[in-house]
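Please look over the structure below with two topics in mind: one helix and its surroundings, and then the ligand and the residues around it.

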Amino acid sequence: MSKPLEGIKIIDFTHVQAGPACTQLLAWFGADVIKVERPGAGDVTRSQLRDIPGVDALYFTMLNSNKRSLTLDTKTPEGKEILTKLIKESDVLVENFGPGALDRMGFTWEHIKELNPGMIVASVKGFSDGHHYEDLKVYENVAQCAGGAASTTGFDDGPPTVSAAALGDSNTGMHLAIGILTALRARDTTGKGQKVAVSMQDSVLNLCRVKLRDQQRLDRVGYLEEYPQYPHGKFSDVVPRGGNAGGGGQPGWVLKCKGWETDPNAYIYFTIQGHAWAPICRAIGKEEWIDDPAYTTAIARQDKIFDIFGTIEEWLKDKTKFEAVDILRKFDIPCSPVLSMKEIAADPSLRASGTIAEVEHKERGTYLTVGSPIKFSDMKVEIKGSPLLGEHTDEVLEGLGYSSKEIAALHEKRVV
Ligand code: CAO
């Protein structure tokens with residue numbers, strides 16, 4: 001089956017997570033992604049947090065599937081020449097170096113544009129161009145702090161907290177992928193490439209827009225009724241950390257189930273959806289609340305929402321999280337068990353849909369990775385193992401017209 005991005009050639013100058021997540025996605029959808037890595041070392045994640053000595057770490061293998069690997073020292077004259085040839089015949093160059101690194105390498109946007117006017121140069125940086133922090137190098141948690149996620153995550157009596165979800169890294173990569181596809185579409189009509197830039201701060205903020213909503217509501221009315229601080233606690237002039245409260249109009253919380261004393265994940269997330277109040281009362285055996293004016297409306301429930309959650313926890317006491325959800329789903333109540341990574345890894349539905357994929361790697365054998373979360377009716381996304389360092393160097397150089405003698409000399413000089 002042909003893939004929609006077949007024929008799109010991408011120079012993948014990315015490392016760690018933000019950039020690789022983007023190019024991996026494009027590779028899944030058919031692009032020829034050539035990962036350019038420094039000879040001898042490669043992407044730092046190949047050797048970070050290794051679980052098998054001498055073998056590419058899962059950090060690398062889970063972010064670089066379906067790519068080819070070319071080792072190239074782009075700071076040597078020969079390396080620059082090879083990169084120049086590659087640029088001339090590629091469609092996209094993606095990079096997430098520290099600020100200014102591509103320019104210092106000699107490949108400014110102006111120069112790349114001269115070499116290939118159709119080229120799309122896509123970059124991830126910590127902060128956007130012109131931002132007063134534009135010179136900063138940035139990692140995931142730095143971005144979560146800069147983008148408003150950390151100040152609004154956690155509990156009221158605790159410090160700012162970062163999320164385990166890669167809001168700064170993979171999320172930024174997904175934004176960049178959208179930018180690249182948009183620029184490719186524009187090129188179809190104009191014939192011209194362009195520069196696509198995404199900052200990690202901006203991408204985190206894009207996912208925190210409801211918190212900016214809340215800042216404005218707080219400025220106007222002085223309280224936020226869906227936060228646990230309302231109505232019994234205090235608000236300052238900044239959006240507080242809301243614990244496990246639902247971010248929209250439906251109150252929700254993480255509730256204990258049978259076994260919570262020993263199992264750290266014996267919980268469900270329970271949402272009190274306004275129009276589901278009667279079914280909730282029926283499900284938990286509190287029919288008398290259905291028509292009680294002290295409970296019937298969302299506003300009436302607000303000042304006792306934690307007492308209501310307490311009553312639901314009483315009901316949950318003798319039910320596992322799975323048993324509870326099996327009951328609640330019959331009443332159409334939005335809820336889920338809190339799943340551990342161990343449970344997710346073994347989940348048959350996630351395996352069947354390809355969201356968790358078992359992949360073969362030349363040196364480590366099989367490993368689990370996260371497959372495409374996007375499903376297509378006309379394309380099956382196939383996840384292949386990640387490349388070994390420099391696995392495709394000779395193949396790529398041959399494609400650029402280098403003879404085997406020239407390739408051997410480049411190896412000898414450690415250019416590739
Ligand atoms: N050949 C020769 N040199 C190469 C090369 C190659 N194939 N690949 C990279 N280099 C060089 C770069 O040119 C750069 O050289 P100079 O600094 O001398 O110009 C050097 O390697 C280091 O690049 P870097 O600044 O990207 O690397 P770092 O480890 O110091 O910083 C990071 C890492 C992630 C903090 C930084 O790249 C960054 O801020 N990136 C943008 C934001 C980002 O994507 N962060 C998310 C990372 S995922 O958590």
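In helix H7, the buried residues (under 20% relative accessible area with a 1.4 Å probe, protein chains only) are Asn171, Thr172, Gly173, Leu176, Ala177, Gly179, Ile180, Ala183, Leu184 and Arg187. The model is predicted, so local features need pLDDT of at least 70 and side-chain atom pairs pLDDT 80 or more, while totals for chains, interfaces and linings use all residues. Residues are numbered from 1 along each chain as its sequence is written, and side-chain values use heavy atoms, with hydrogens and water left out.

**Helix H7**
- The buried residues of H7 pack against helices H1 (18-28) and H8 (200-207) and against strands S4 (92-95), S5 (120-125) and S6 (195-199), where contact means heavy atoms within 4.5 Å; helices (H or I, at least four residues) and strands (E, at least two) are DSSP runs numbered from the N terminus.
- H7 has 21 residues (170-190), and because the expected span is 1.5 Å times one less than the number of residues, H7 should span 30 Å, which agrees with the 30 Å between its end C-alpha atoms.
- Just after H7, Gly191 takes a positive phi of about 80°.

**The ligand**
- Around the ligand there are 23 residues, the closest being Gly98, Arg104, Lys137, Val138 and Asp169, counted when a heavy atom lies within 4 Å.
- Polar contacts (pairs of N or O atoms within 3.5 Å) include one between a ligand oxygen atom and a polar side-chain atom of His15, at 3.0 Å.
- A side-chain N or O atom of Asn96 lies 2.9 Å from an oxygen atom of the ligand.

Conventions
Buried < 20%, exposed > 50% of the residue type's maximum accessible area, 1.4 Å probe, protein only. Polar contact = N/O pair within 3.5 Å; in protein donor to acceptor, adjacent residues only side chain to side chain.
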